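Here are my notes for you to read alongside the model. Keep the 3D view open and click through the residues as we go.

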Amino acid sequence: DWATTENNLGNAYKNRIRGDRAENIEIAIQHYCNSLQVRTHKAYPVDWATTENNLGNAYLERIRGDRAENIEMAIQHYSNSLQIRTRDASPVDWAMTENNLGNAYKNRIRGDRAKNIEMAIKHYSNSLQIRTRDASPVDWAATENNLGYAYGSRIRGDLAENIEIAIQYYSNALQVFTIDASPVEFAITEGNLGNA
């Protein structure tokens with residue numbers, strides 16, 4: 001119970017609006033690490049995977065420290081989570097972590113930029129195996145938007161074709177992200193579509 005509460009406190013601090021954002025994320029990371037003292041891979045694998053995913057989110061959003069290192073930490077924690085969050089065992093959680101891993105690779109500073117974008121595309125595409133429009137329309141639209149961004153930034157392949165694919169993904173996302181239903185996501189996706 002203590003470990004669960006530590007994990008939940010981590011979530012609360014990561015999403016906290018009041019206070020200093022950088023400090024809130026640091027506190028969240030500490031609570032997640034506290035939770036992992038009990039939520040180990042061996043003793044509580046599912047809970048461990050959840051906290052590992054949460055820790056990945058915190059490192060991806062982290063303001064303090066070296067940005068490149070923070071992203072590497074996020075990739076490591078998401079990869080840890082996927083040891084348990086498999087497509088067969090927990091498909092919804094697997095798809096979420098695959099999407100998160102795509103975000104980390106999309107923003108990755110280290111390594112080959114072209115390869116990082118290809119990895120992002122792979123993880124987003126994996127996510128869409130479960131995040132379908134019918135099953136989870138908002139998550140589907142978010143991943144479609146992410147794929148649009150990845151293809152718009154893609155180095156490999158034909159530039160014109162990549163842009164056309166990006167436009168299609170953004171257009172798909174806008175089927176769900178309407179001005180009435182999701183005004184913020186609508187505006188972001190419309191901007192992305194305009195850039196493409």
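**Notes on the model**

1. Let's begin with one lysine and its company. If we skip the neighbours within four places in sequence, K106 touches R113, A120, Y124, N146 and Y149. Do keep in mind that this is a predicted model.

2. Where does K106 sit? You'll find K106 in helix α5, which runs over residues 91-107. Here's the curious bit: K106 is buried, yet has no salt bridge. The nearest side chain of opposite charge belongs to E61, and that is 12 Å away. A salt bridge would need the charged atoms within 4 Å.

3. Now look at α5 as a whole. It is mostly covered, with 12 of its 17 residues buried. Those buried residues are W94, A95, T97, E98, N99, N100, L101, G102, N103, A104, Y105 and K106. What do they pack against? The buried residues of α5 pack against α3, α4 (67-81), α6 (113-127) and α7 (137-153).

4. Here's a quick sanity check you can do yourself. How far apart are the end C-alpha atoms of α5? They are 24 Å apart, and at 1.5 Å a residue the 17 residues should span 24 Å, so the two values agree. The expected span counts one less than the number of residues, because that is how it is defined.

5. Next, over to the surface. W2, V38 and Y44 make a nonpolar patch of about 300 Å². Of these, Y44 is in the loop between α2 (21-35) and α3 (45-61). Is Y44 buried, partly exposed or exposed? Its relative accessible area is 44%, so Y44 is partly exposed; the partly exposed class lies between 20% and 50%.

6. D66 is another loop residue to click on, sitting between α3 and α4. D66 has 46% relative accessibility and therefore counts as partly exposed. Try drawing a line from D66 to R87: they are 21 residues apart in sequence, and their C-alpha atoms are 32 Å apart in space.

7. Last stop: I163, in helix α8 (residues 159-173). With a relative accessible area of 26%, I163 comes out as partly exposed. How far is I163 from Y32, C-alpha to C-alpha? The separation is 39 Å, for two residues that lie 131 residues apart along the chain.

Technical notes: Residues numbered from 1 in each chain as written. Predicted model: local features only at pLDDT ≥ 70, side-chain atom pairs only at ≥ 80, totals over all residues. Heavy atoms only, no water. Helix = DSSP H or I, 4+ residues; strand = E, 2+ residues; numbered from the N terminus. Buried < 20%, exposed > 50% of the residue type's maximum accessible area, 1.4 Å probe, protein only. Lys, Arg positive; Asp, Glu negative; His and termini not counted. Contact = heavy atoms within 4.5 Å. Patch = residues over 30% accessible without salt bridge, like charges linked within 9 Å, V, L, I, M, F, W, Y side chains within 5 Å. Areas by Shrake-Rupley, 256 points an atom, 1.4 Å probe, with all protein chains shown as cover.
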